[in-house]
Amino acid sequence: MRMTLHTLHRMAQEGGRIAMLTCYDASFAALLDEAGVDCLLIGDSLGMVLQGHDSTLPVTMRDVAYHTACVARGSKRAFIIADMPFGSFQVGPAATFHNAAELMAAGAQMVKVEGGQPMVETIEYLTDRGVPVCGHLGLTPQSVHQLGGYRVQARGESEAKWLLAEAKMLEKAGAGMIVLEAIPAALARDVTRSLEIPTIGIGAGVDCSGQVLVLYDMLDIYPGKKAKFVKNFMHSAGSVQGAVEAFVKEVKARTFPGPEHSF
Ligand code: KIV
């Protein structure tokens, strides 16, 4: 039976950890399902790891809808989240809803939008109309040019306070989950403790409700420079299946991420 947002909320409330990986095609979707991954994210990271761009900015609605349909066909169990690509959710409420609906029709159970306070209205609009939304705070790769590079966020006291405030705003607006990327582990722990909804960390320490990595990073397929928070799970595994199973096991046991993957 397929996981639901309700199942994931219950898992987090009971202290279990959510294992999420990015996924872009049917064969990997079946393998990740079999290995016990709870959530598959059709991330706009596909622009970098599949298409060879140097950022996620060129990814289109058509790209994400296509890969979402592939993943949905290949998986039976995992909860499916689709990224809303850059420019697809900054187009006014009705057009944003239309784009989100296209991803839901392709097989997503939730859409993800990057950003804090400016996303409050969008999240309210979508969730009021039956579209579950995952927020994304901290390092938001679609804003790479504004952030001045892929760097750790909210290291200072005032930025940390603001990120915590934004997380609460997103939850109040109706977000069902929040990804926290590249922020200090202590801040991610405080955010997680302050919210009812699950947080999913990537470079945010071990105290989030779950963890996500880009599949091609943890399998060491992507040729680009690896972030500190990436662990190469292929290193000690005999197979792709073994590497994914090790990721799930370490997330559930809270042994990944270690201090060496955290800020
Ligand atoms: O696009 C993506 O893969 C993501 C994850 C890094 C969270 O947003």
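Colleague: What joins the side chains of Lys 112 and Asp 83?

Modeller: A polar contact of 2.7 Å. This is a predicted model, and the distance is computed from it.

Colleague: What makes that pair a polar contact?

Modeller: The cut-off is a pair of N or O atoms within 3.5 Å, one able to donate a hydrogen and the other to accept it. The side chains of Lys 112 and Asp 83 are joined at 2.7 Å. That value is within 3.5 Å, so the name applies.

Colleague: Where does Lys 112 lie, and is Lys 112 buried or exposed?

Modeller: Lys 112 lies in strand E4, residues 110-112. Its relative accessibility is 3%. Buried means under 20%, so Lys 112 counts as buried.

Colleague: Which residues surround the ligand?

Modeller: Lys 112 and Asp 83 are among them. The others are Thr 22, Leu 41, Gly 43, Asp 44, Ser 45, His 136, Glu 181, Ile 202 and Val 214. A residue belongs here if one of its heavy atoms lies within 4 Å of the ligand.

Colleague: How does that shell divide into nonpolar, polar and charged residues?

Modeller: Into 3 nonpolar, 4 polar and 4 charged. Gly counts as polar in this scheme.

Colleague: How do you know that side chains make polar contacts with the ligand?

Modeller: Take the distances in turn. An N or O atom in the side chain of Lys 112 is 2.9 Å from a ligand oxygen. For the side chain of Asp 44, the distance to a ligand oxygen is 3.0 Å. For a polar side-chain atom of Asp 83, the distance is 3.1 Å. The limit is 3.5 Å, so each of these pairs qualifies as a polar contact.

Colleague: How much of the ligand does the protein bury?

Modeller: Taken alone, the ligand exposes 260 Å². The protein buries 96% of that.

Colleague: In which pocket does the ligand sit?

Modeller: In the largest pocket. To say that a molecule sits in a pocket, more than half of its atoms must lie within 2 Å of the pocket's grid points.

Colleague: Now the backbone. What is notable about the phi of Ala 154?

Modeller: Ala 154 has a positive phi of about 55 degrees, although it is not a glycine. Ala 154 is found in the loop between helix H7 (144-147) and helix H8 (157-173).

Colleague: Why is Ala 154 called buried?

Modeller: Its relative accessibility is 12%. The limit for buried is under 20%, so Ala 154 counts as buried.

Colleague: Why is Asp 220 called partly exposed?

Modeller: Its relative accessible area is 41%. Buried is under 20% and exposed is over 50%. The value falls in between, so Asp 220 is partly exposed. Asp 220 also has a positive phi, of about 60 degrees, and is not a glycine. Asp 220 lies in the loop between helix H10 (215-218) and H11.

Colleague: Which peptide bond is cis?

Modeller: The one from Phe 256 to Pro 257, with omega near 0 degrees. Pro 257 is in the segment after H11.

Colleague: What makes Ser 262 buried, and which backbone oxygen lies 2.9 Å from its side chain?

Modeller: Ser 262 has 10% relative accessibility; buried is under 20%, so Ser 262 counts as buried. The backbone oxygen of Gly 258 lies 2.9 Å from a polar atom of the Ser 262 side chain. Ser 262 lies in the segment after helix H11 (240-253).

Colleague: Why is Ile 178 called buried?

Modeller: Its relative accessibility is 0%. Under 20% is buried, so Ile 178 qualifies. Ile 178 is found in strand E6, residues 177-181.

How values were computed:
Residues numbered from 1 in each chain as written. Predicted model: local features only at pLDDT ≥ 70, side-chain atom pairs only at ≥ 80, totals over all residues. Heavy atoms only, no water. Areas by Shrake-Rupley, 256 points an atom, 1.4 Å probe, with all protein chains shown as cover. 1 Å grid on protein atoms, 1.4 Å probe; cavity = no way out; pocket = protein on both sides within 12 Å on 5 of 7 lines; lining within 4 Å. Helix = DSSP H or I, 4+ residues; strand = E, 2+ residues; numbered from the N terminus. Buried < 20%, exposed > 50% of the residue type's maximum accessible area, 1.4 Å probe, protein only.
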